[in-house]
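Colleague: Before I use these terms in class, I would like to hear the reasoning behind them. Could you show me the model and take the ligand as a start?

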Amino acid sequence: MAVGPSIGDLHFATEPSVDEVPGPNSRRLLKRQREIDSNAVAYPRRVPIALEEARGATVRDVDGNTFLDFFAGIGVLNVGHSNPYVLEGTQEQLESVAHTIDFPTEARVDLIEKLRTIAPGGLAGSSNVVFGGPSGSDAIEGSIKLAKHNTGRHGLLGFEGAYHGTTAGALSLTAGKKYKAGYGPLLADAVHVPYPMRNAGVGGQDACERCLDAVKRKFEAPYGGHETPAGIWVEPIQGEGGVVVPPEGFLQGLRDIADDNDAMLIVDEIQTGLGRTGEWFATDHFDMTPDAITMAKALGGTGLPIGAMLYHEEFDTWGPGGHVGTFRGNAPAMVGGLRAIEYIESHDLLSHATTLGQYLRDRLHEVAETTPEVVDVRGKGLFVGAEFVDDGEPDADLVEAIQTRCYENGLLVWNAGRHGNVLRLIPPLVLTREQAAVGMDILCNAIRASTAEGRN
Ligand SMILES: Cc1ncc(COP(=O)(O)O)c(C=O)c1O
């Protein structure tokens, strides 16, 4: 018997319904926010709505407009907004005990057991889990400590195009200059090497070999320029960098280099994990075993914050208090995470994500046939990217125009990419086939209209 309602029963509607956007109530709240909230607020600048409630793959604003949500709280709501099966467990736990530091609870131990079962490759059944602070950045900080502690070295190796978060250690591994400018120096000896991709100057047949060679040299070249890294941090599919799927052999090559150099290989599954790509973890697509994976975002099920790292038991070398944090026992989020995994299993959402993701890419390929501005469509499962150029140059304005048209017609989408010129689709895994068709009609029309406008 499946747990919770079927995916068809989770949403406000199959189709969006949008009157005036932003409506008067949204405009009023946006104005109030602008007056007193931080200037750092970013999302409503591009998608100017104030939220009232959300269900499944749909959100409703304070004027009663209903949108299809193709970015799921930026990859958090894999089982949809307010999934009743997840909410029920979360609320019960909230009423019994919410804050538990690291005392054992059923919620904590059950979630750890489940994560050990679905962990990628050889991590399954022989791993430990550590919870620290509640964000993805916190999980990355934990992984930096783990690698330093186990290797006795301090250098870090990451990739161009990477995003690992914004706390000092995580920011050292993040590649985007816009996030770092003015905040250096960060951690010493953090280096970035190219990640294999098309259209970034490192494409072509031998991109994988050239990138792996660059990694190898950072470890083995006697005049490599810095301390030998303690670990390699890699997104199995780059998210913020533009939904970049690496070629076969890349992650396995990193595994070999880490082994040859007694370094740890940490795969950042914060955006790609927990079913997003049609497997429990994106690592599962590449037939290799990392030493550790980081998780956050979808881990809490309902959007409650929780970050974690799962690592091979041989690296569980720290003593009591070796990695701590006041909020490492968010029991409602732990129940939420467990129930979200159960919901995904019970509704076969990994294969649903695989087939629906292929449908989204097929629709984008169809548009690309008559739209030369679309130069690449990529991704795995419901992690989808489409790259746009104008005369061969990255075209972020075009992506913004498409995003605005989608919003005006009731579809929320987000962007990504080193130059902001990639449209990123990361809908909840509970999106139905019918909703996907409606959303893709809106998106494809927006692409056609925006490219036509750009050419005139
Ligand atoms: C791959 C990846 N790692 C780390 C992070 C940082 O997570 P948080 O924003 O929760 O700190 C993100 C956030 O988008 C991410 O996509």
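Modeller: This is a predicted model. The ligand is surrounded by Ser135, Gly136, Ser137, Tyr163, His164, Gly165, Glu235, Asp268, Ile270, Gln271 and Lys297.

Colleague: What makes these residues the surroundings of the ligand?

Modeller: A residue counts if one of its heavy atoms lies within 4 Å of the molecule, and the residues I named around the ligand meet that.

Colleague: How is this shell divided by class?

Modeller: The shell has two nonpolar, six polar and three charged residues. Gly counts as polar.

Colleague: How do you know that Ser137 makes a polar contact with the ligand?

Modeller: The cut-off for a pair of N or O atoms is 3.5 Å. A side-chain N or O atom of Ser137 is 2.6 Å from an oxygen atom of the ligand, so this pair is a polar contact. Asp268 has a polar side-chain atom 2.7 Å from a ligand nitrogen, and for Lys297 the value is 3.0 Å, to a ligand oxygen. The protein buries 81% of the 390 Å² that the ligand exposes when taken alone.

Colleague: Where does the ligand sit?

Modeller: It occupies the largest pocket.

Colleague: The aromatic rings next. Why is the pair of Phe159 and Phe250 called edge-to-face?

Modeller: Planes over 60 degrees apart count as edge-to-face, provided the centres lie within 6.5 Å. Here the centres are 5.6 Å apart and the planes stand at 70°, so the name applies. The whole structure holds nine aromatic pairs.

Colleague: What makes this pair a link between distant parts of the chain?

Modeller: Phe159 is in strand E5 (residues 155–159) and Phe250 in helix H10 (residues 250–260), 91 residues apart.

Key:
Residues numbered from 1 in each chain as written. Predicted model: local features only at pLDDT ≥ 70, side-chain atom pairs only at ≥ 80, totals over all residues. Heavy atoms only, no water. Polar contact = N/O pair within 3.5 Å; in protein donor to acceptor, adjacent residues only side chain to side chain. Areas by Shrake-Rupley, 256 points an atom, 1.4 Å probe, with all protein chains shown as cover. 1 Å grid on protein atoms, 1.4 Å probe; cavity = no way out; pocket = protein on both sides within 12 Å on 5 of 7 lines; lining within 4 Å. Sits in = over half its atoms within 2 Å of the grid points. Phe/Tyr/Trp six-rings, centres within 6.5 Å; stacked < 30°, edge-to-face > 60°. Helix = DSSP H or I, 4+ residues; strand = E, 2+ residues; numbered from the N terminus.
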